[in-house]
Amino acid sequence: MTVSNLLLVDDDLHFSELMSIRLESLGYQVFVAHRATLALSILQKQRIDVVLTDLRMEHMDGMALFQEIKKRFSALPVIMMTAHGSIPDAIAATEQGIAGFLTKPVDISALQDLLNTVLKARPSSESASQPGQFFGLYYESDAMHTLVHKLEAIARSKANIMIQGESGTGKEVTAKAIHSASEVASGPFVAINCGAVPANLLESELFGHFKGAFTGATKDKIGLVQAADNGTLFLDEIADMPLELQVKLLRVLQERKVRPIGGQQEYDVNVRVLSASHKNLWDAVQNGLFREDLYYRLNVISVTLPSLKERPEDIPLLANHFLTSFGDKSFSPEAMTRLLNYDWPGNIRQLHNVVEHCAVLTPSKLITDSTVESALPVNTTAMMQGLNEAKAQFEYDYLQKVLALCQGNVAQAAVVAKRNRSDFYKLLKKHNIAPS
Ligand SMILES: Nc1ncnc2c1ncn2[C@@H]1O[C@H](COP(=O)(O)OP(=O)(O)OP(=O)(O)O)[C@@H](O)[C@H]1O
């Protein structure tokens, strides 16, 4: 039988030593952390089955620790202990998903019952999420595990696949991974960003041209569709393809033949088409900007990549993966917490850039919280209050100042504020201010 690993987090050194002795005598392997941040770094290195944490601790308390654990190790059960046990605390904790709540002094047999129940309910380590890698796609979150299962299955089919997802979520790496896992992996993988090539050049890029087809066509040129023969063609930002080219692409997909510009000759092509867009392609169809028939041709199977914000469990794995190319460096637990708490509007590409920025700015081995802070953009939008909040804040500050000036004399303050007394009282009531 495997021994269960417990992580005991408590800033009371005497209590934690006693508890660890008692738990070890019951057959558990016990790791002790006297601070929440230390607990997080142990969790990063060590397989832990249950966390047992004190509620009230300095700096980061048990609930804050629990929130972090939920983000990084969603399936890991946490039991809360407190010397100040109160029913509201216990209810709040269990409502948020805490596995159990015990008051100190801890009744060891109650704890053992709770541990047995929690450990039985825990999924086996085989089914719990483990870090995974699929042809260059690194992942750990449940959402990505499910998605990679789907990718494994669809990669082997010959169907055209549409990959959707916000910018920087990994659509191109996913396309390459599908190609590498497919039966045409030994064939070419040819990618083009339809939004980055000027519309007048896109046609010749895709379909090629014969010498003399237009001014500047000094020799025959093979298009990318032909270059991808017996392999995969990846059309990135497909929503940006002009309508007249969409017709031509549709013909190629239907007839499996391509005719370069300026010629009558057609060539057979056998390509699997993967396409991607960060825009909602169905909306483009509804707005008449994308052909519905082409949409169905390209979207035989669709894959949607979650944003990084929707899969924060992947952040430590990806950040550490990107960091490996900068030698033996690591993030401090506080730095990792900051990475985890950020919203990542630019998704994995932005995370990659931030990791690179931090590594370059850190000559030592440990990347600190302040380095991460300086590498992240300041969110001025989030810092900005709405107009109503700003007005209310101003009114509150103004009332406090007038009252202070008039030493709490409401009649006098109303005169200064040029309001009648009853209006002034209403304002004080609105802001919950009691004149002293
Ligand atoms: N799961 C992943 N594992 C490792 N690296 C990843 C992963 N997802 C994305 N990346 C990296 O993130 C960066 C952005 O990925 P990619 O270019 O595939 O995104 P995208 O969705 O195609 O972006 P855009 O919409 O802007 O074209 C690349 O450096 C890529 O290698």
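## Asp 54 and its surroundings

In this predicted model, Asp 54 sits in strand E3, which spans residues 50-54. An unreviewed UniProt entry annotates Asp 54 as "modified residue: 4-aspartylphosphate".

Is Asp 54 buried or exposed? Asp 54 counts as buried because it has 22 C-beta neighbours inside 10 Å, and the cut-off for that label is 20 or more. Leaving aside residues up to four places away in sequence, Asp 54 touches Val 9, Asp 10, Asp 11, Asp 12, Gly 62, Met 81 and Thr 82.

## The shell around the ligand

Now to the ligand, which has 17 residues around it. Which of them come nearest? They are Tyr 138, Gly 170, Lys 171, Glu 172 and Ile 348. By class, the shell is made up of six nonpolar, seven polar and four charged residues.

Three elements each supply at least two residues of this shell: strand E7 (137-139), helix H7 (171-180) and helix H15 (347-361). In terms of domains, at least three shell residues come from domain 2 (132-304), and at least three from domain 3 (309-382).

## Nonpolar cores

In soluble globular proteins, nonpolar side chains tend to be buried together. Here, the largest nonpolar core has 39 residues. Those with the most contacts inside it are Leu 151, Ile 163, Ile 178, Val 225, Leu 233, Leu 235 and Leu 274. Taking Ile 178 as an example, this residue touches Leu 151, Ala 155, Ile 161 and Leu 274, not counting residues up to four places away in sequence.

A second, separate core has 29 residues, including Tyr 28, Ala 33, Phe 73 and Leu 115.

How values were computed:
Residues numbered from 1 in each chain as written. Predicted model: local features only at pLDDT ≥ 70, side-chain atom pairs only at ≥ 80, totals over all residues. Near = placed C-beta within 6 Å. Helix = DSSP H or I, 4+ residues; strand = E, 2+ residues; numbered from the N terminus. Nonpolar A, V, L, I, M, F, W, Y, C, P; charged D, E, K, R; others polar. Domains from an automatic or database assignment. UniProt positions renumbered as here; feature names shortened; annotations may be inferred. Buried ≥ 20, exposed ≤ 12 C-beta atoms within 10 Å, placed from the backbone. Contact = placed C-beta atoms within 7 Å. Core = buried A, V, L, I, M, F, W, Y, C linked by C-beta atoms within 7 Å.
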